[in-house]
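Q: Could you take me slowly through one part of this structure, the open sheet and how its strands are arranged? I would also like a short look at backbone angles elsewhere in the chain.

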Amino acid sequence: AATGKGNYRHFMEKELHEHPAVIGDTLRQYLDPRTLEVNLPRLPFDPVKVPRLTMTACGSAFLAAQVGRYWIEHLARIPVDADVASELRYRDPPLPEGGAAILVSQSGETADTMAALKLLREKGQSVLAVVNVPESSMARESDATVLTVAGPEIGVASTKAFTAQLSVLACLAIGLGRKRRELSTLDEGRLTKALLEVPHKAAEVLERDAEIHALASEVAKARDVLFLGRGSLFPIAMEGALKLKEISYIHAEGYAAGEMKHGPIALIDSQVPVIAICPSGPLYEKTLSNLQEASARGGRIMAFTDAAGAPSLERFAERVIVLPEIDPFAQPILYAIPVQLLAYHVAVLKGTDVDQPRNLAKSVTVE
Ligand code: G6P
């Protein structure tokens, strides 16, 4: 049943294994696999005229929004601001006439995001909500809604809803890019094709379970863990750190790999695992040299990469987990899965209450 654990030990484990299906179901809503075109949902703003987008959310949904920001700015050339909802409200940003906002929320009930929604509407912004619950408050009070097709998510720490949010935002970024004539039909086809490869490659990632479990037994001994990524994978590094904190109670930080030398490098010693998210792509060489800096200071590098990146990393990394190759555009969706799975295994090894971590709630209804 959709609401049972089936043969899994925890809801989180079950939900992690639903990534391929949920990504596929969500993509099918917003792109046509035959024509390789995006079907943009009804938008409450004109994509050609909108001067700026404000994206806001909380928790993992905010990290999905940050990836969305990279995608929309890159593919559609619309300036995007992204703030956590509890900050957006008090920052009092100047919001342009005709501006629009995109909210991201699994539950559609998070109090901070709801408060931001009200404020944004008061300030004349049209609001699009990306939510998983069609009858939620955010779906009701926004100007338009785009649904993620993740199904009910029971584990308090978000997993499959996150990749569903990324799937929606990826389609949205492509669709906006097309409408604004920033992307050709050819570009659109290449990008949608890459997205359509994600579900079966996500299933391949889940097959790396034993390797990720072995990595988890190292990470479980640590007091602090550093996650590094660059570009659209920087928010995925933060997702890895957030998930680890939430369910295993190990202190972790997600950092932009290039920024490490301006601070966190001081923390690096042989006790701190450095989890690198570094698939091949335009930022690969730069990330590699950041990791070499960490390694030269005794840091233990544990890397997620693809086949093309593996040989160079294997020269100095303690562990390399090789994932399927995919177009860099789609990498954030694919690489979210191993970092969540890693946090899961660490939490199980530590014996924490994986589905109901202490002090956290599935839907936070206080501001
Ligand atoms: C809580 C959950 C997180 C979630 C966040 C935002 O803190 O523990 O997993 O990302 O709320 O929830 P939402 O329903 O708005 O996506």
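A: What follows goes through the sheet and then turns to two loop residues. The model is predicted, so local features need pLDDT of at least 70, side-chain atom pairs count only at pLDDT 80 or more, and totals for chains, interfaces and linings use all residues. Residues are numbered from 1 along each chain as its sequence is written.

The open sheet is formed by 5 strands in the order E9-E8-E10-E11-E12, with parallel pairing; strands (E, at least two residues) and helices (H or I, at least four) are DSSP runs numbered from the N terminus, and two strands pair if DSSP finds at least two bridges between them. Strand E9 (251-256) and strand E12 (319-323) stand at the edges, and because each has a single partner strand, one side of each is left without a neighbour in the sheet. Strand E8 (residues 224-229) runs parallel to E9 and is joined to it by 6 bridges, and leucine 226 has glutamate 253 in E9 as its bridge partner.

Turning to the loops, most residues other than glycine have a negative phi. Arginine 77, which is not a glycine, nevertheless has a positive phi of about 55 degrees, and its place is in the loop between H3 and strand E4 (80-84). Aspartate 92 also has a positive phi, near 55 degrees, and lies in the loop between helix H4 (85-91) and strand E5 (100-105). Aspartate 92 is exposed, with 9 other C-beta atoms within 10 Å, where exposed stands for 12 or fewer such atoms, buried for 20 or more and partly exposed for values in between, with C-beta atoms placed from the backbone.
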